[in-house]
Amino acid sequence: GECRESDSVANRAYLSFLRHGSRLYPDSGSTAMPGLLADPFLDPLHISQHAENKIVLKMTLVAQRHCKDLIHDYNECARGRSISILWACRSKYNASQDCFHQYVNDHNVAVAKKRWIDAGKPRHPDWEVMLAGLDNVPGQTRPLE
């Protein structure tokens, strides 16, 4: 069904983010050495991998909800195709990924992590509060300020 197809796109985006974008490094203006944030004792935003994965998963669900039309368009384009999906659906795939990255990106993950830490690292956080403001970026192509 339609739900399963969008779930698979969401899962691929979530796994891609975990593989490629889940480590936070200082911005280019920082005087800190890049390797310092790899040390959990020196990284003020360090949380367990399990907690970070949970935050990213919740953000992915928000992104999936906001990007559902783009995901649906990509799934419709991909339906019944094999190798031709690479060129026939590229723009629809890129549009769905761009939408996802508006919501799930290093900056927004850092904001959510800081909120979770500031709330005392609750076991069952109020996700509406934790992710407030990170899900209303229609048309925005950069991380939230």
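A residue counts as partly exposed when its relative accessible area falls between the 20% under which it would be buried and the 50% over which it would be exposed. K121 fits that middle class, because its relative accessible area is 44%. Keep in mind throughout that this is a predicted model.

**The fold and how far to trust it**

The chain has seven helices and zero strands, so to speak a plain run of α-α-α-α-α-α-α along the sequence. Of its 145 residues, 35% count as buried. If you look at contacts between residues at least 6 apart in sequence, 70% of them join residues at least 24 apart.

Confidence is a mixed bag. The chain averages a pLDDT of 76, and 63% of the residues score at least 70. Helix α3 (residues 68–78) has the highest confidence, at a mean of 95, while helix α1 (residues 2–20) has the lowest, at 57. Two stretches call for a separate look. Over residues 22–37 pLDDT stays under 50, and the model has 21 contacts there beyond four places in sequence. Residues 138–145 also stay under 50, with twelve such contacts.

**Helix α2 up close**

Does the length of α2 agree or disagree with its residue count? Helix α2 covers residues 49–66, which is 18 residues, and at 1.5 Å a residue it should span 26 Å; the end C-alpha atoms are 26 Å apart, so the two agree. The buried residues of this helix are A51, E52, I55, V56, M59, T60, V62, A63 and Q64. Some of these names come back below, in the empty spaces.

**Empty space: one pocket, one cavity**

Rolling a probe the size of a water molecule over the atoms shows where empty space is left. Here the count comes to one cavity of 30 Å³ or more. The table puts the largest cavity beside the largest pocket.

| Space | Volume | Nonpolar lining | Polar lining | Charged lining |
|---|---|---|---|---|
| Largest cavity | about 40 Å³ | five residues | no residues | no residues |
| Largest pocket | about 230 Å³ | six residues | three residues | two residues |

Which residues line the largest cavity? They are M59, V62, Y103, L131 and L134. M59 and V62 are also among the buried residues of α2. By class, that lining is five nonpolar residues, with no polar and no charged ones.

The largest pocket is lined by S48, H50, A51, K54, I55, W116, P122, R123, H124, P125 and W127. Helix α2 gives the largest share of this lining, four residues. A51 and I55, both in the pocket lining, are on the list of buried α2 residues too.

**Two residues worth a click**

K121 is found in the loop between α6 (106–118) and α7 (127–130). Its phi is near 50°, a positive value in a residue other than glycine. As noted at the start, K121 is partly exposed, at 44% relative accessible area.

Is S96 buried or exposed? S96 is buried, because its relative accessible area is 0%, under the 20% cut-off. This serine is found in helix α5 (residues 90–103). Leaving aside neighbours within four places in sequence, S96 is in contact with L70 and I71. Both partners fall within the residue range of α3 (68–78), the helix with the highest confidence in the chain.

Conventions. Residues numbered from 1 in each chain as written. Predicted model: local features only at pLDDT ≥ 70, side-chain atom pairs only at ≥ 80, totals over all residues. Heavy atoms only, no water. 1 Å grid on protein atoms, 1.4 Å probe; cavity = no way out; pocket = protein on both sides within 12 Å on 5 of 7 lines; lining within 4 Å. Points joined across faces, edges and corners; volume = space filled by probe spheres on them. Nonpolar A, V, L, I, M, F, W, Y, C, P; charged D, E, K, R; others polar. Helix = DSSP H or I, 4+ residues; strand = E, 2+ residues; numbered from the N terminus. Expected span 1.5 Å × (residues − 1). Buried < 20%, exposed > 50% of the residue type's maximum accessible area, 1.4 Å probe, protein only. pLDDT = per-residue confidence, 0-100. Contact = heavy atoms within 4.5 Å.
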